[in-house]
Amino acid sequence: MVTQIEPPTGRFEGPNGSWRHQFAVRVYYEDTDLSGVVYHANYLRWFERARSDMLRLLGIDQRAAQEAGEGVYAVAGLTIRYAAPARLDDAVLIQSHALDLGAASVTLRQKAFRGDLLLAEADVRVGFISPEGRPRRQPAAWREAFANLLAPEGTA
């Protein structure tokens, strides 16, 4: 008999109006380069996992929207800054919150920390697009879910 275990999941923390999504990852050997430092592109993978987990916890079912022909999110823009290296076996916390919400897009700030040390941060703009690849208004329930994650002025 095989016991089914659930994959890791994140959680939301903070007072209403300044919620932050928290998602933990561990640095494995495959994440590092020859020098033992996390390869720069792996931060993007971790940020993507955290965003996907955040959407799932918000009740946003991307798969159902895609299968119903409504549309999907696609990365429209990204800036990233690396501040300090992560290394093998580090516990890294990815923190995400919404910066800006538009009719068809949302901009998120995502940060990677080891303890209190900032490792990297990225601003990611994702747009909701139709199956034909054209921008489309996000479902109202999705916009409402993101509105609860908007960072209060001056706290981003």
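A residue counts as exposed when its relative accessible area is over 50%, and as buried when that area is under 20%. With that in hand, this predicted model can be walked through piece by piece. Asp-89 makes a handy first case: its relative accessible area is 52%, so Asp-89 falls on the exposed side of the cut-off. Asp-89 sits in the loop between E3 and E4. Its backbone is worth a look too, since phi of Asp-89 is near 75°, a positive value in a residue other than glycine.

Next come the strands. E3 and E6 pair up in the antiparallel sense, with 10 bridges between them. One matched couple to look for is Val-72, which stands opposite Ile-129 in E6. On to E5: this strand is joined to E6 by 10 bridges, and E5 and E6 run antiparallel. Here Phe-113 stands opposite Leu-118 in E6. E5 and E6 form a hairpin with 2 residues between the strands, and in that hairpin Gly-115 takes a positive phi near 65°.

Strand E5 also holds Gln-110. Gln-110 has a relative accessible area of 0%, so this residue is buried. What does Gln-110 touch, not counting residues up to four places away in sequence? The answer is a list of ten names to find on screen: Phe-47, Ala-50, Arg-51, Ile-94, Gln-95, Ser-96, Ala-120, Glu-121, Ala-122 and Val-124. As for Val-25, the C-alpha atoms of Gln-110 and Val-25 are 14 Å apart in space, while the two residues are 85 residues apart in sequence.

Helix H3 covers residues 140-147. Within H3, the buried residues are Trp-142, Ala-145 and Phe-146. These residues lie on the same side of H3, because they cover an arc of only 95° around the axis. Turn the helix around and the picture changes: the face turned away from the buried side carries Ala-140, Ala-141 and Glu-144, which are exposed. So what covers the buried residues of H3? The cover includes two helices, H1 (41-57) and H2 (62-67), along with strands E3 (72-82), E4 (91-101), E5 (105-114) and E6 (117-129).

Just ahead of that helix, the loop between E6 and H3 contains Ser-130. Ser-130 has a relative accessible area of 5%, so Ser-130 is buried. Once neighbours within four places in sequence are left aside, Ser-130 is in contact with Glu-70, Gly-71 and Arg-136. Gly-71 deserves a second glance: Ser-130 and Gly-71 are 59 residues apart along the chain, yet their C-alpha atoms are separated by 4.3 Å.

Now for the pockets. The largest pocket has a volume of about 200 Å³. Its lining is made of Pro-8, Phe-23, Ala-24, Val-25, Arg-26, Tyr-28, Glu-30, Asp-31, Arg-45, Trp-46 and Arg-49. Sorted by class, that lining has 6 nonpolar and 5 charged residues, and no polar ones. Strand E2 (20-26) and H1 each supply at least two residues of the lining. Of the elements, E2 gives the most, with 4 residues.

Asp-31, one of the lining residues of the largest pocket, is found in the loop between E2 and H1. Is Asp-31 buried or exposed? Its relative accessibility is 2%, so Asp-31 counts as buried. Setting aside residues up to four places away in sequence, Asp-31 touches Arg-26, Val-37, Val-38, Tyr-39, Asn-42, Arg-45 and Trp-46. Among these, Arg-26, Arg-45 and Trp-46 also line the largest pocket.

The second largest pocket has a volume of about 150 Å³. Its lining is built from 13 residues, and Glu-48, Arg-51, Gln-62, Tyr-73 and Val-126 lie nearest its centre. H1, E3 and E5 are the elements that give two or more residues to this lining. Which element gives the most to the lining of the second largest pocket? That is H1, with 5 residues. By class, the lining of the second largest pocket divides into 9 nonpolar, 2 polar and 2 charged residues.

Technical notes:
Residues numbered from 1 in each chain as written. Predicted model: local features only at pLDDT ≥ 70, side-chain atom pairs only at ≥ 80, totals over all residues. Heavy atoms only, no water. Buried < 20%, exposed > 50% of the residue type's maximum accessible area, 1.4 Å probe, protein only. Arc of directions from axis to C-beta. Contact = heavy atoms within 4.5 Å. 1 Å grid on protein atoms, 1.4 Å probe; cavity = no way out; pocket = protein on both sides within 12 Å on 5 of 7 lines; lining within 4 Å. Points joined across faces, edges and corners; volume = space filled by probe spheres on them. Nonpolar A, V, L, I, M, F, W, Y, C, P; charged D, E, K, R; others polar. Pairing = 2+ DSSP bridges.
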